[in-house]
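Q: Let's talk this structure through together, and please spell out the cut-offs as we go.
A: Gladly; here it is.

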Amino acid sequence: MRVRVFFFLFLLPQYLLAQSKPVDLSGIIIINGTSTLSYKLVFTDSAGFIRGYSVTDVHHKDETKARIEGKIDMAEKSISFKETSVIPRPIPSDSVIMCMVHAKLLYKQASKSMMLSGNFKGVDEKTGKECAKGTITMLNTDLLNELFNPAPKHDTISSA
């Protein structure tokens with residue numbers, strides 16, 4: 001019993017520290033150089049791997065929410081992700097094409113602030129063929145700065 005209690009008390013704080021609050025990024029997606037829509041990413045990061053969802057055309061009639069998974073590369077200052085499925089599943093229809101975003105976004109300087117921007121390719125969920133391409137840009141400067149330039153962690157050992 002002592003081993004279980006020690007194991008639980010020792011590992012629980014480390015487990016809780018590894019969990020992160022959700023990251024909520026807003027920006028735009030430009031599809032095939034013609035359509036500009038609002039785009040949002042909401043995810044949590046666990047040791048560089050992200051899971052969450054995206055929302056295209058936020059608060060409009062064609063709003064679409066999709067699950068995402070990917071990774072953060074701190075050395076390259078990038079986020080790579082892909083949409084994996086639509087939430088909730090639409091009613092199946094042979095005429096509906098669900099074009100899932102696969103993107104790599106880089107953290108970089110933009111005028112006087114920082115942004116996350118890059119290209120994406122849309123892949124038809126059923127066939128795997130390319131159905132769109134374009135760019136995505138996120139502009140949450142403070143949140144992006146926190147994400148890619150985290151504050152150093154301080155040990156909280158007290159001297160008693």
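Q: Where is the place of Ser85?
A: Ser85 belongs to strand S5; helices (H or I, at least four residues) and strands (E, at least two) are taken as DSSP runs and numbered from the N terminus. This is a predicted model, in which local features need pLDDT of at least 70 and side-chain atom pairs count only at pLDDT 80 or more, while totals for chains, interfaces and linings use all residues. Residues are numbered from 1 along each chain as its sequence is written, and side-chain values use heavy atoms, with hydrogens and water left out.

Q: And is Ser85 buried or exposed?
A: Ser85 counts as buried because its relative accessibility is 16%; buried means under 20% relative accessible area, exposed over 50%, and partly exposed in between, with a 1.4 Å probe and protein chains only.

Q: What does Ser85 touch?
A: Apart from residues up to four places away in sequence, Ser85 touches Lys65, Ala66, Arg67, Met100 and Glu125, where contact means heavy atoms within 4.5 Å.

Q: Ala66 is on that list; what does Ala66 stand opposite in S5?
A: Its partner across the strands is Val86. S4 and S5 (residues 78–87) are paired in the antiparallel sense over nine bridges, and two strands are said to pair if DSSP finds at least two bridges between them.

Q: How many residues lie between S4 and S5?
A: There are four, and the two strands form a hairpin. Lys77, in the turn, has a positive phi of about 55 degrees.

Q: What about the other strand that S4 pairs with?
A: That is S3 (residues 49–56), which runs antiparallel to S4 (residues 64–73) and is joined to it by eight bridges; within this pairing, Ile50 stands opposite Gly70.

Q: Lys71 is in S4 too; is it buried or exposed?
A: Neither, since Lys71 has 44% relative accessibility and therefore counts as partly exposed. Leaving aside neighbours within four places in sequence, its contacts are Gly48, Phe49, Ile50, Ser78, Ile79 and Ser80. Lys71 and Asp45 are 26 residues apart in sequence, and their C-alpha atoms are 8.1 Å apart in space.

Q: Stepping back, what do the eight strands form?
A: They make a closed barrel in the order S1-S2-S3-S4-S5-S6-S7-S8, with antiparallel pairing. Neighbouring strands of this sheet are turned by 30 degrees against each other on average, direction ignored; axes are lines fitted to C-alpha atoms, for helices over the stretch in contact, and angles run from 0 to 180 degrees between N-to-C directions. At the start of that order, S1 (residues 23–31) and S2 (residues 35–46) pair over nine bridges, and Ser26 has Lys40 in S2 as its bridge partner.

Q: How many helices are there, and what does H2 lie across?
A: The chain has two helices alongside its eight strands, and along the sequence the pattern is α-β-β-β-β-β-β-β-β-α. H2 lies across S1, S2, S4, S5, S6, S7 (113–124) and S8 (130–138), and runs at about 85 degrees to S7.

Q: Changing topic, which cysteines does a disulfide join?
A: Cys99 is joined to Cys131, with 1.9 Å from S to S; a disulfide is a pair of cysteine sulfur atoms within 2.5 Å. The link is right-handed, with 110 degrees about the S-S bond, and it connects distant parts of the chain, as Cys99 lies in S6 and Cys131 in S8, 32 residues apart. Cys99, at 30% relative accessibility, counts as partly exposed, and so does Cys131 at 28%.

Q: Why is the pair of Tyr107 and Phe148 stacked?
A: Rings of Phe, Tyr and Trp (its six-membered ring) pair if their centres lie within 6.5 Å, and planes under 30 degrees apart count as stacked, over 60 as edge-to-face and the rest as tilted. By this rule there is one aromatic pair: the centres of the Tyr107 and Phe148 rings are 4.9 Å apart and the planes are at 20 degrees, so the pair is stacked. It links Tyr107 in S6 (residues 99–110) with Phe148 in H2 (residues 141–148), 41 residues apart. Tyr107 counts as buried at 9% relative accessibility, as does Phe148 at 3%.
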